[in-house]
Structure formats: structure tokens, C-alpha cells
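The following note is offered to a colleague at the bench. It takes the form of numbered points, to be read beside the structure.

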Amino acid sequence: MNAPLRFHPRKADSSCADLVQDSVVDPALYTDPQIFDLEMDRIFARTWVWVAHVSELPKPGDFRSTFVGRNPVIVVRDRKDEIHVLENRCRHRGATVCEKTKGNATGFTCPYHSWSYGLDGKLRGLPYSDGYDDVIEKADLPLNSLKVGVYAGMIFASYNHEIEPLEDFLGNARHWIDLFMKQGAGFPVKTQGEHKFSFKGNWKIQLENTTDGYHFPVVHKTFLQSVDAETSEMLSFMTDEESITRSLGNGHSVMVMVPEHVDLDVDDGSEPLQERFAHVTEALSKDYPPEQVRRIVRSLHGAGFNLNLFPNVAMSMSFFRVLRPVAVDETEIRHVALGMDGGPEIANRERLRIHEHFQGPFGFGSPDDAEAWERVQAGAHAGRDVPILVNRGLNREWQDANGDKVSHSTDETGMREAYAMWKRMMSND
Amino acid sequence: MTDLSIPPADLATPLGRAMAFVWHEAELLDRKDYAAWGALWSADGHYVVPIDRDSEDFVSQLNYVYDDARMRALRIERLTSGYSMSAADSAITVRTVSRFTLAKSEGDEVEVRSAQILAAYKRGATTLFAGDLTHRIRFTADGPQLTQKVVRLVNSQDALNALGFLL
């Protein structure tokens, strides 16, 4: 017998926690600017937020500018090889001290009055300092610094200096991060450029999508039609029982689409290498032993799963998906392409072409995703008493011994995990 | 009277023929006549929208679009299939192409640079796409063919809106 759908629409005195109910969500979560402001304070300013990958900062002085929530920050490697995440804001009158997305610097100088800062954020100099004698101490005015944590090359930052260690926050997700990095096929994973696009919709609509296997054959029909039969078959997980979604705690979750590619080190040799990569296989065979050729070519599509790390980064098959909340109804997405650092050029190029095929504003996949997400944002304004459903698969979800909840990859187990974390964080004043 | 000393567009010159070709191409794209657009290309042609505006080395970098004949055919199929939500409900576009310069002329092939301003209207919003175009056109007995088109958007490093049409 079907259980009745229970939903209690928002009232004047409803708290944020009241808006996430038994596997349904109030549409105000997508549309209310006040909730968005609270999310910036209670989630993005309190938890670990992904800011960069170590391969983006190989040398001392290398930096990239990005955002934690709405706040501009700089991720930089100093001369002692230490990584800092600094607020991109001069301590004098608030101007940004760095306008480049990435580069190499010896320090950061504010363009307004030339206050200059070291790579560690310390205030090094300011012109005509006589006006500050007995007024300020330079040591008191470094660029504001965030707490930094690095796991498997993934750099996270937090405004919350009391936060739990990154390893604890990642918890059960660490195992999947380790598996994901195996697509380097013996080489370290490096970033290879990125696509950036924005859509008119709330950030959580994208967050949900990473473990939404249900939309894939519908929204991405033209992508699936455009790939070879082998790739299309590889991605046909709709009725595959081994294709599962698993909650990992703290809002994290993973969706397995290609079970045989979960651990790329495991290879019984029975899987034929895809015909579409024949030119790569042939070229690599001149320089590498057969087992390494197999390992590299089997890894070209990346890992066989999407790992969603709350709140802003996904390790999605062969790329990182990074979301940046801009406003309640605007989100910026980056799709960061990955490759093998020091690995064969021909395979890295093939990975770029695969990335271009699906991702970005001109890809065969992303524009259709963005279209669906903008429709969600537009439609969510209709009917305050009509909930958003994230209850798919409740009838077949089971709990693993380690506490993870598991269901089919087309089920909404990952979304429920993210909203449970949202509810927990938004309940803390 | 001022002598502007700008030569009149002469369709008999290589530049003039290239301009006429580029305008024809722009018209096909605004009409979304992708089948006819696909037929403008030579089999070895590449359609490229780079992310790095200064780059010439497209193959070893990530681009928005790096289409050879195979990918172009797949892209056209996708845009015309009716199954892609973003293409089926794509923006209405109006583009002008101007500021033509002849960059190179070698044998039967010319390279022309130009500026494109494109307005795309969708769901109440009009978005501007401004960019430099470089066309390589080969004049053959069967008429002119595109061997390369590179679209360098002014904001290529920025976040773009997802597109359901071609630049």
C-alpha cells in the first residue's frame, strides 16, 4: 500500500529545519533570498569548501583566485611550500589585491594605496608609513587567512578555525576519493583546463544532479546517441542492479554508473579495450608494456562513479565539478578536465576531447542539464504548498553495516543525504 | 569633401568573395539551417571555439568546441534531432559580421579576420556574444569551402550561459 505524501507548507514561524521534511523539500529552498543568505553563513562559512587541486599550484608563488561562498579568496603556495588560502581583500579599504584567475607572484599589492602582502598573507609594506606611527602594527593586519586542509591533492578551506579535521569531515568518502585518483593510471592526476558556465538557478539544483541517475537517459538522449555503441552500453546503468547510490555521511554520496570501473586497478583482462580508442592503444603500445596500456586506456573515461562532496565539489567520472553559489537564483559551474601528470600526451589529449564532447556551455550534455535546471528554478515559484520530491527508491533503500544507505543509482538516496546535512547545518544558529 | 580612401567591397577580389561567403554562413546560422551550414565545410575542416583567446595550439588544450568532420556531423544531428531540450528551445539569434581584414592569401586559400556581434534572445533575456572570427576559406571548382573557423569570444575565460545554437 502506498504511504500518503505528507508535506507541511511553510508558515510564518517555520524554521529552516522545518523546510526539509520526510524526503520532501520546501520549494523555498530554491527561491528565498533570505535562506540563501543564511546558507552562506551557516554552510559555506562553517564547513570545508573545496578551493583547488594541488596540480594547479606546482611551484612556490603559484596562485589561483576563487571563492568560498560569495567571498573572493586566493589559494597560493608560499616559498616554504605551504599552501595558504587568503581573503582577496586589502586590510586597508577593502579592494581586491588580485584580479587574475591564476598565475605566479612574489606577493600581492593592492592597486589603491599600494599596501603589499607576502605569499603567506603578511603585510610587508605600505607607502608613507609615517601616518601610521603609533596607529597600527603591520603584524596585526595580514590578509585574512582561512584554515586549509589537503586530502589526496584536493585542497579545501574553511572560515571555521574550530572545524573538525578534513579527514573526519570526508569520512567514508575518503575511500572513494582514493579510488577516483586511480584514473591517473600510475601517474599523479593533474588538472587540464576547465569549462565555466552559469545557469539561472539555485546551487542545490546542481548539487542534487551529481547523483541523479534518473535524468541521464532522458536529458542526455542526444549525447548517448552521439557516442559509439560501446560507450553507450557502458553508460546504460538504468536497469543494472550493481549500479547503486550510496550515502557516505556529512552530506556526501556516491553514484556508481560503471561497476566494473569502480576500482581501475582490478582488471581480469576480460574487458575489451574500446574500439574508439584504437589509435591511442596502438600509439601507447610502442612505449608502454601491455598491462600499462590497458590501465591507461581503461581509465580514459575516468572512474566508474560520481562522488558528490557536500557542499561544492564533485569528483565526477573523469572531471571535477565545482559549484559556486552566486545568488539564490544564479550558480556558476566549473568542469575541470583531468589528465595524467607526466603521462602520455596522446592519452591526455583524448581525455580533453572526451571532456569537450559532454561538458561546458557548448558540450553535448551540459546545455541540456542547464536547461532542465533553469526549468526547475522557474517552476519552483509555483505553489508554496507543493513540495519538491526526493523520495525515489525509499521502498528499496537498505542500510550497510557501516551505516551508509544504499539504493539503485536512479534513486534519490544521495539527495536525501545532502538535505539531511543541509538540515543539520541550517539548524545551528 | 573627404576622401575616405576605403576601397568599395569588390566581390571579385579574394577578400570580397570571402566576405560574401562569411555573410552567407552567418545567415545560415541565424536561420539554424545546420544541414546547409554543414555542407559549407571541407572534410578536413575544424570548427573551434577556444577558451584561451591567444592560443593557436588547439589540439593540446581544452576548448569549448574542437570539431572535426565527425564531431560536426554529430553536433548537427544533436541540434536538429528534436531530443535536445536546449536546442529544441534555443535562443533566437541575430548576428552581424564586419571589420573584415585579409590576413593571408596563399594559392586557393584565404584567411580573413572579422568581428561578430551576436544577440541571443531566450526566455525574456537578450545576451550578447561578441567575438573575433577567423575563417580559412578554400576556393575550389565546386565553390568556396570552410577549412577552419575559430571563434574567439571576448569573455571566453568567463562563465558563459549554456548554448543551444552555434556561434
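1. Which residue in β2(A) is the bridge partner of A:Gln21? In this predicted model, that partner is A:Val24. The pairing belongs to β1(A) and strand β2 (residues 24-25) of chain A, which run antiparallel and share two bridges.

2. These two strands are part of an open sheet of three strands, with the order β1-β2-β20 in chain A and antiparallel pairing. Its edges are formed by β1 (20-21) and β20 (388-389) of chain A, each of which pairs on one side only.

3. Chain A also holds an open sheet of seven strands, ordered β3-β12-β11-β6-β5-β4-β7, again with antiparallel pairing. Because β3 (49-53) and β7 (102-104) of chain A each have a single partner strand, one side of each is left without a neighbour in the sheet. On average, neighbouring strands of this sheet are turned by 30° against each other, direction ignored.

4. At the β3 edge, the partner of β3(A) is strand β12 (residues 154-158) of chain A, and the two pair in the antiparallel sense over four bridges. Within this pairing, A:Trp50 has A:Phe156 in β12(A) as its bridge partner.

5. Two helices of chain A merit a separate remark. Helix α9 (residues 278-285) and helix α10 (residues 290-298) of chain A pack at an angle of about 150°, and their axes are 10 Å apart. The crossing of α9(A) past α10(A) is right-handed. On the α9(A) side the contact involves A:Val280, A:Thr281, A:Leu284 and A:Ser285, which meet A:Val293, A:Ile296 and A:Val297 of α10(A). Sorted by class, this contact comprises five nonpolar and two polar residues, with no charged residues.

6. The geometry of helix α13 (residues 413-427) of chain A can be checked by simple reasoning. At 1.5 Å a residue, its 15 residues should span 21 Å, and the end C-alpha atoms are 21 Å apart, so expectation and model agree. The helix α13(A) is mostly covered, with eleven of its 15 residues buried. Among the buried residues are A:Arg416, A:Glu417, A:Tyr419 and A:Trp422.

7. How many residues of chain A are in contact with chain B? There are 29, and they touch 27 residues of chain B. The elements that give two or more residues to this side of chain A are β13 (189-199), α7 (221-226), β19 (330-340), α11 (345-358) and α12 (366-379) of chain A. Of these, β13(A) gives the most, with seven residues. By class, the side of chain A that touches chain B has eleven nonpolar, ten polar and eight charged residues.

8. Strand β13(A) also pairs across the chains: with strand β7 (residues 160-161) of chain B, it forms two bridges in the parallel sense. Here A:Phe197 stands opposite B:Leu160 in β7(B).

9. A:Phe199 is found in strand β13 of chain A. Is A:Phe199 buried or exposed? It is buried, because 28 other C-beta atoms lie within 10 Å, where 20 or more suffice for that description. Neighbours within four places in sequence left aside, A:Phe199 is in contact with A:Thr331, A:Ala370, A:Trp373 and A:Glu374, and also with B:Ala162. The C-alpha atoms of A:Phe199 and A:Val24, the bridge partner of A:Gln21, are separated by 24 Å, with the two residues 175 apart along the chain.

Technical notes:
Residues are numbered from 1 along each chain as its sequence is written. Chains are lettered from A and ligands numbered from 1 in the order in which they are written. This is a predicted model: local features need pLDDT of at least 70, side-chain atom pairs count only at pLDDT 80 or more; totals for chains, interfaces and linings use all residues. The expected span of a helix is 1.5 Å times one less than its number of residues. A residue is buried if 20 or more other C-beta atoms lie within 10 Å of its own, exposed if 12 or fewer, and partly exposed in between; C-beta atoms are placed from the backbone. Axes are lines fitted to C-alpha atoms, for helices over the stretch in contact, and angles run from 0 to 180 degrees between N-to-C directions. A crossing is left-handed if the near helix is turned anticlockwise from the far one by less than a right angle, and right-handed if clockwise. Two residues are in contact if their C-beta atoms, placed from the backbone, lie within 7 Å. Ala, Val, Leu, Ile, Met, Phe, Trp, Tyr, Cys and Pro count as nonpolar, Asp, Glu, Lys and Arg as charged, and the others, Gly among them, as polar. Two strands pair if DSSP finds at least two bridges between them.
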